[in-house]
Amino acid sequence: MNKYYTYIATDANRRYLQAGLTTNLNGTQQEISQGNPALFPFAVLNRMVLVEAFDSMQAAEKRLSELNGMCRLVKERLIRKQNPNWLSLNPTLPRTAGHKKTVVYA
């Protein structure tokens with residue numbers, strides 16, 4: 001049984017938020033983390049900050065239309081509720097040697 005995923009991707013400055021739908025989460029995460037310009041030609045979206053899983057395509061498409069209909073403030077609240085520091089959700093990718101400190105602004 002296939003899993004369907006909705007996600008929200010953003011750039012390093014959190015200027016753009018783009019919702020999407022995929023069945024291959026690992027492939028999409030790798031493409032986004034590499035900043036693939038073919039996916040999003042208007043900005044370099046390089047981190048996936050929200051992921052939701054669904055069992056049916058209809059439920060995932062419905063959620064995607066809900067995400068696309070939300071204003072930016074509601075999307076930001078949804079992201080902060082599940083991912084307060086807006087960290088990239090790429091558990092399958094290896095971490096680099098140079099670790100950066102995470103700064104949280106209230």
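Let's start in helix α3 of this predicted model, where the side chains of E76 and R72 meet in a salt bridge of 2.7 Å, N to O. Both residues lie in that helix, four residues apart, or about one turn. The salt bridge is one of five in the structure. Below is a friendly tour of the charged pairs, the sheet, the helices and a few residues worth a click in your viewer.

**Salt bridges**

- Back to the opening pair: E76 is buried, with a relative accessible area of 18%, whereas R72 is partly exposed at 34%. The buried label fits E76 because its 18% falls under the cut-off of 20% relative accessible area.
- An α-helix has 3.6 residues a turn, so residues three or four places apart point the same way. That is a handy backdrop for the spacing of E76 and R72, four residues apart in α3.
- Side chains of opposite charge can pair when their charged atoms come close.
- R63 forms a salt bridge with E52, and the closest N and O atoms are 2.8 Å apart. R63 sits in helix α2 and E52 in strand β3, so this pair ties together parts that are eleven residues apart in sequence.
- Are R63 and E52 buried or exposed? Both R63 and E52 are buried.
- The R63 and E52 pair also belongs to a network of salt bridges that links E52, R63 and E66.
- K3 and D55 form a salt bridge through their side chains, at 2.9 Å from N to O. K3 lies in the segment before β1 and D55 in the loop between β3 and α2, so the pair ties together parts that are 52 residues apart in sequence.
- K3 counts as partly exposed at 38% relative accessibility, and D55 is partly exposed too, with a relative accessible area of 47%.

**The sheet**

- Three strands make up an open sheet in the order β2-β1-β3, with antiparallel pairing. Strands β2 and β3 stand at the edges with a single partner strand each, so one side of each is left without a neighbour in the sheet. From one strand to the next, the twist averages 20 degrees.
- Strand β1 covers residues 4-10 and strand β2 residues 17-22, and the two pair in the antiparallel sense over six bridges.
- Which residues of β2 are the bridge partners of A9 and T6? The partner of A9 is Q18, and the partner of T6 is L21.
- The hairpin of β1 and β2 has six residues between the strands, and R14 there takes a positive phi near 60 degrees.
- In a regular strand the side chains alternate between the two faces of the sheet.

**Helices around the sheet**

- In α1, the buried residues are L25, G27, T28, Q29 and I32. These buried residues of α1 pack against β1, β2 and β3.
- Helix α3, residues 72-82, lies across β1, β2 and β3 and runs at about 80 degrees to β3.

**T22 and its surroundings**

- T22 is in strand β2 and is buried, with a relative accessible area of 10%.
- What does the side chain of T22 reach at 3.1 Å? The side chain of T22 reaches the backbone nitrogen of N24.
- A polar contact of 2.8 Å also joins the side chains of T22 and T28. T28 is one of the buried residues of α1, while T22 is in β2.
- Leaving out residues up to four places away in sequence, T22 touches K3, Y4, Y5, Y7 and T28. Among them, K3 is the residue whose side chain meets D55 in a salt bridge.

**N46, ahead of β3**

- N46 is found in the loop between α1 (25-33) and β3 (47-54). N46 is partly exposed, with a relative accessible area of 26%. The value of 26% is partly exposed because buried means under 20% and exposed over 50%.
- Which two residues, 14 apart along the chain, have C-alpha atoms separated by 4.9 Å? They are N46 and I32, and I32 is among the buried residues of α1.

Note on methods. Residues numbered from 1 in each chain as written. Predicted model: local features only at pLDDT ≥ 70, side-chain atom pairs only at ≥ 80, totals over all residues. Heavy atoms only, no water. Pairing = 2+ DSSP bridges. Buried < 20%, exposed > 50% of the residue type's maximum accessible area, 1.4 Å probe, protein only. Contact = heavy atoms within 4.5 Å. Polar contact = N/O pair within 3.5 Å; in protein donor to acceptor, adjacent residues only side chain to side chain. Axes fitted to C-alpha atoms, helices over the stretch in contact; angles between N-to-C directions. Salt bridge = Lys/Arg side-chain N within 4 Å of Asp/Glu carboxyl O.
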